[in-house]
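Thanks for asking me to look this one over. Here are my notes, set out point by point so that you can follow them with the model open beside you.

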Amino acid sequence: MKPVSTEQSAALFERARTVTPGGVNSPVRAFAAVGGTPRFMRSASGAWLTDVDGHDYVDLVCSWGPMLLGHAHPEVQAAIAAAIARGTSYGTPTEPEVELAEEIVSRTPAEQVRFVSSGTEATMSAIRLARGFTGRDVVVKFAGCYHGHVDSLLASAGSGVATLRGSQAHTPGRPLSVPGTAGVPAGSAAETIVLPYNDRDAVTEAFAQYGTRIACLVTEAVPGNMGVVPPAPGFNSFLAQTCREHGALFISDEVMTGFRATREGGWGLDGAIEGWVPDLMTFGKVMGGGFPAAAFGGRSDVMAHLAPEGPVYQAGTLSGNPIATTAGLATLQLATDEVYERLDATAATIRSAVAEALTAAGVPHVVQHAGTMFSVFFREGAVRDYSEAGAQDTATYAAFFHSMLDQGVYLPPSAFECWFVSAAHDDRAVSAILDALPSAATAAATARTTGA
């Protein structure tokens with residue numbers, strides 16, 4: 001296989017490194033986990049990316065989830081263009097933010113929502129609200145779940161922190177919480193209890209010991225920041241019940257899963273069926289239609305504690321931006337049941353083909369999914385928590401990644417991330433992925449055998 005030319009990307013990367021730390025504005029983009037030159041993209045359309053060297057790639061990152069309909073969807077683009085023609089930011093209430101809030105409330109159990117500009121802001125604000133509502137300080141989270149770069153939540157976080165530092169979960173005799181990155185004072189994480197995911201006994205023990213001090217438990221609806229690790233059957237219901245019994249709030253982080261895993265998000269996979277609802281939820285990615293937009297919401301009596309109605313302060317100059325809310329509204333209105341059926345079918349086809357190719361090449365692996373989201377772990381056996389996610393062969397993934405990249409398929413440049421498809425992944429795009437898999441599986445097998 002002839003290596004792909006990356007001359008222009010390499011030149012831009014060198015320029016970027018002189019003016020931006022690491023040459024990127026989000027760490028995983030630097031390819032540190034897989035090696036090689038990060039691709040600088042010039043444009044995108046449908047299921048395809050085009051880099052500055054003129055190479056096309058089938059996109060299985062989809063801007064880390066938001067591009068549910070594909071890139072540059074004509075109807076979304078038209079709505080954005082019309083909104084831009086009216087102005088880009090007013091600093092006042094606008095109609096699109098009301099309409100988007102109504103759309104989110106119609107799809108989820110949230111009774112009210114407040115818009116912010118990033119998933120980090122959403123979880124930070126939800127936790128502040130939970131603390132203000134309960135009058136308590138302690139937060140419970142799970143190792144491997146990433147809730148943005150909030151100081152108190154960067155303890156055993158997944159996603160980029162997992163990529164850079166590897167796996168670390170709570171074990172007996174160790175502190176309940178330690179910062180997962182430099183720059184976070186130990187005191188900031190001191191009120192955070194980190195537990196192993198899918199471990200009911202650990203949750204029960206934590207609440208038995210600290211229950212009167214716990215303001216909230218926050219978890220990804222379906223963890224996707226250590227790869228996709230579905231909750232064990234009934235686990236989220238158990239969490240909701242445990243919080244209710246101890247007067248704590250249950251926060252379901254749907255920044256990744258919201259309107260992506262299903263029409264109703266991760267909640268559509270269990271809560272909508274089992275009959276429980278979280279007290280607070282956070283949203284992002286898909287609801288912004290490719291723009292910086294996020295939200296948090298939940299029970300109206302809890303949301304009433306936010307300013308200007310209540311004493312918990314939260315604000316943002318660009319919150320509810322009319323361009324972002326227009327893009328999000330257009331995306332959700334176009335995300336019909338038929339779209340989700342197509343996403344499910346496309347994801348299932350790719351999952352099956354990946355498993356078949358890796359099995360044929362003799363590469364240990366497991367493919368896990370939740371709704372339309374999925375990921376591949378290069379290890380034997382199911383992955384149930386952060387420590388098991390960390391026990392995979394990342395070097396083998398790197399070989400697989402680069403083979404796919406050289407054949408025109410753009411995968412997440414980290415073994416700890418989800419793969420995403422869009423409604424624009426047509427037969428041509430899927431065929432390109434399937435055609436690339438046998439060679440990539442062989443490359444993975446070779447890397448595993450030689451250690452190269």
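## Notes on the predicted model

1. F31 counts as buried because its relative accessibility is 1%, and buried here means under 20%. Bear in mind throughout that this is a predicted model. F31 sits in the loop between α1 (7-19) and β1 (41-45). Its backbone deserves a look as well: phi of F31 is near 65°, a positive value in a residue other than glycine.

2. K285 also has a positive phi, near 55°, and is likewise not a glycine. You will find K285 in the loop between β9 (280-283) and β10 (294-298). With a relative accessible area of 25%, K285 is partly exposed, a label for values that fall between the 20% limit for buried and the 50% limit for exposed. As background, most residues other than glycine have a negative phi, and most peptide bonds are trans.

3. Where does a cis peptide bond turn up? The bond from A307 to P308 is cis, and its omega is near 10°. P308 belongs to the loop between α10 (300-303) and α11 (322-334). I would put this bond on the same list of backbone details to view as the phi values of F31 and K285.

4. Now for the nonpolar interior. The largest nonpolar core has 101 residues, and those with the most contacts inside it are I104, F142, M287, F400, M404, L411 and W419. Helix α12 (residues 337-360) gives the most to this core, supplying 9 residues. A second, separate core has 20 residues, among them A122, A130, V139 and L280. In soluble globular proteins, nonpolar side chains tend to be buried together.

5. M404 is a good place to start inside the largest core. Not counting residues up to four places away in sequence, M404 touches V409, L411, I433, A436, L437 and A440. L411, one of these partners, is itself listed with M404 for the most contacts inside the core.

6. F377 lies in strand β12 (residues 373-377). Its relative accessibility is 0%, so F377 counts as buried. Once neighbours within four places in sequence are set aside, F377 is in contact with M226, G227, V228, V229, P364, H365, V366, Q368, V383, A389 and Q392. For H365, the C-alpha to C-alpha distance to F377 is 5.4 Å, with the two positions 12 residues apart in sequence numbering.

7. G298, in strand β10, is buried because its relative accessibility is 2%. G298 and E111 are 187 residues apart in sequence, yet their C-alpha atoms are 5.4 Å apart. Leaving aside neighbours within four places in sequence, the contacts of G298 are A110, E111, Q112, D279, L280 and M303. L280 is also among the residues of the second core.

8. Two threonines in helices are worth viewing in turn. T242 lies in helix α8 (residues 235-246) and, at 6% relative accessibility, counts as buried. A polar atom of its side chain lies 2.8 Å from the backbone oxygen of F238. Beyond neighbours within four places in sequence, T242 is in contact with V203 and F207. T120 is in helix α4 (residues 119-134) and counts as buried at 14% relative accessibility. Its contacts, not counting residues up to four places away in sequence, are H147, G148, H149 and V150.

9. Is G275 buried or exposed? G275 counts as exposed because its relative accessibility is 66%, and exposed means over 50%. G275 is placed in the loop between α9 (271-274) and β9. G275 and S237 are 38 residues apart in sequence and 8.6 Å apart in space, C-alpha to C-alpha.

10. Last, the second largest pocket, which holds about 270 Å³ of space. Of the 14 residues that line this pocket, E97, V113, R114, F115 and S319 are the closest to its centre. α3 (95-107) and β4 (112-116) each supply at least two residues of the lining. By class, the lining has 8 nonpolar, 4 polar and 2 charged residues.

Methods. Residues are numbered from 1 along each chain as its sequence is written. This is a predicted model: local features need pLDDT of at least 70, side-chain atom pairs count only at pLDDT 80 or more; totals for chains, interfaces and linings use all residues. Side-chain values use heavy atoms; hydrogens and water are left out. Helices (H or I, at least four residues) and strands (E, at least two) are DSSP runs, numbered from the N terminus. Buried means under 20% relative accessible area, exposed over 50%, partly exposed in between (1.4 Å probe, protein chains only). Contact means heavy atoms within 4.5 Å. A polar contact is a pair of N or O atoms within 3.5 Å; within protein, one must be able to donate a hydrogen and the other to accept it, and residues adjacent in sequence count only if both atoms are side-chain atoms. On a 1 Å grid over the protein atoms alone, a cavity is a set of points where a 1.4 Å probe fits but cannot get out, and a pocket is an open set with protein on both sides within 12 Å along at least five of seven lines; lining residues have an atom within 4 Å of a point. Grid points are joined across faces, edges and corners, and a volume is the space filled by probe spheres set on the points. Ala, Val, Leu, Ile, Met, Phe, Trp, Tyr, Cys and Pro count as nonpolar, Asp, Glu, Lys and Arg as charged, and the others, Gly among them, as polar. A nonpolar core is a set of buried Ala, Val, Leu, Ile, Met, Phe, Trp, Tyr and Cys residues joined through side-chain atoms within 4.5 Å.
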